[in-house]
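The report below takes up a few local features of one protein model, from a helix and its surroundings to aromatic contacts, nonpolar cores, a pocket and some unusual backbone angles. It is best read with the sequence and the coordinates at hand.

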Amino acid sequence: AAGAEALGKVADVEVNVGGNLFTPQGEAAVDSKIVVVYPDHLRAETTLPFGVLKQGFDGKKGWVASPQGVMTLPGSFIAELQRSVDLLGGWGLYRKAAAGQAEAQALGEEEVQGHKALAVLWTEGAEKVKLYFDPESHLLVGARYQQKTMQGAVETLQTWSDFRDVEGAKFPYHNVVFRDGQKFSETSVKEVKVNTKP
């Protein structure tokens, strides 16, 4: 449904998004440029009111650069960074499934944000993610998982909608993230480019 044949030809993807973060201090505008080179490289540059936050992952190490300086992320964040690669539009996960590298278990029907979905438990190493697929389109419309953040662990729910064709594959142009039941961010895609890296 997502365009597996087309996804097999995607070596990298660049996504530009804009939207808002919702914090205890109020809403804040956010713009991000995210570049993924499959299977395990990520670079993100996010512009926030207090400055620019950069994040990188080379498959083995992760780092973050902020106005306060550069920091290498602890090894415990490696799984988080890899999940970010896999769940960008769901494309990394689809690629793993097509290659027979995704361990999954059907859980039946569940309701997510007022919509019925087919739930699947995806296991990778010690990490478990509950995936939600639309019963009609069969596209990935949500994911729920325990997430490590610099402020501690949270339960994260991501939901995706407004799927559009990108080079023969489906990419969600609208993304809402909830942390511990509270809306954390809402973003819309401005542009998606594929295979831009030499």
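## Helix H2 and its surroundings

Helix H2 is mostly covered, with 7 of its 10 residues buried. This is a predicted model, and the description should be read with that in mind. The buried residues of H2 are Glu80, Leu81, Gln82, Arg83, Val85, Asp86 and Leu87, a list that takes in charged and polar side chains as well as nonpolar ones. Just after H2, Gly89 takes a positive phi of about 70°.

Gln82 belongs to H2, which spans residues 78–87, and its relative accessible area of 15% falls under the 20% limit, so Gln82 counts as buried. Once neighbours within four places in sequence are left aside, Gln82 is in contact with Pro39, Asp40, Phe57 and Lys96. One of these partners, Pro39, is placed in the loop between strand S2 (26–37) and strand S3 (41–48), and Pro39 is joined to Tyr38 by a cis peptide bond with an omega of about 15°.

## An aromatic cluster around Phe171

The count of aromatic pairs in the model comes to 2. In one of them, Trp91 and Phe171 meet edge-to-face, with 5.2 Å from centre to centre and 90° between the planes. Trp91 lies in helix H3 (residues 91–98) and Phe171 in strand S12 (residues 169–179), so this pair ties together parts that are 80 residues apart in sequence. Both Trp91 and Phe171 are buried.

Phe171 also pairs with Tyr173: the ring centres are 6.4 Å apart, which is within the 6.5 Å limit for a pair, and the planes stand at 90°, so this pair too is edge-to-face. Trp91, Phe171 and Tyr173 thus form one aromatic cluster. Phe171 has 2% relative accessibility and counts as buried, and Tyr173, at 12% relative accessibility, is likewise classed as buried.

## Nonpolar cores

The largest nonpolar core has 40 residues, and those with the most contacts inside it are Val13, Trp91, Leu131 and Phe171. Two of these names, Trp91 and Phe171, are also members of the aromatic cluster. Apart from residues up to four places away in sequence, Trp91 touches Leu7, Val10, Val13, Tyr38, Asp86, Val166, Ala169, Lys170, Phe171 and Val194. Among these partners, Asp86 is one of the buried residues of H2, and Tyr38 is one of the two residues joined by the cis peptide bond.

A second core, separate from the largest, has 7 residues, including Val112, Ala117, Ala119 and Tyr132.

## The second largest pocket

About 250 Å³ of space lies in the second largest pocket. This pocket is lined by 13 residues, of which Val112, His115, Val141, Thr159 and Trp160 are the closest to its centre. Val112 is therefore found both in this lining and in the second nonpolar core. Strand S8 (115–124), strand S11 (152–166) and S12 each supply at least two residues of the lining.

Gln113 is found in the loop between strand S7 (103–112) and S8. Although Gln113 is not a glycine, its phi is positive, at about 50°. With a relative accessible area of 48%, Gln113 is classed as partly exposed.

## From S12 into S13

Asp180 lies in the loop between S12 and S13 and, although it is not a glycine, has a positive phi of about 50°. Elsewhere, the charged end of Arg179 sits over the ring of Phe184, 3.8 Å from its centre.

Lys183 has its place in strand S13 (residues 182–194) and is partly exposed, with a relative accessible area of 34%. Leaving out residues up to four places away in sequence, Lys183 touches Phe22, Val176, Val177 and Phe178. Lys183 and Ala169 are 14 residues apart in sequence, and their C-alpha atoms are 28 Å apart in space. Ala169, in turn, is among the residues that Trp91 touches.

Key. Residues numbered from 1 in each chain as written. Heavy atoms only, no water. Phe/Tyr/Trp six-rings, centres within 6.5 Å; stacked < 30°, edge-to-face > 60°. Helix = DSSP H or I, 4+ residues; strand = E, 2+ residues; numbered from the N terminus. Buried < 20%, exposed > 50% of the residue type's maximum accessible area, 1.4 Å probe, protein only. Lys NZ or Arg CZ within 6 Å of the ring centre and 35° of its normal. Core = buried A, V, L, I, M, F, W, Y, C linked by side-chain atoms within 4.5 Å. Contact = heavy atoms within 4.5 Å. 1 Å grid on protein atoms, 1.4 Å probe; cavity = no way out; pocket = protein on both sides within 12 Å on 5 of 7 lines; lining within 4 Å. Points joined across faces, edges and corners; volume = space filled by probe spheres on them.
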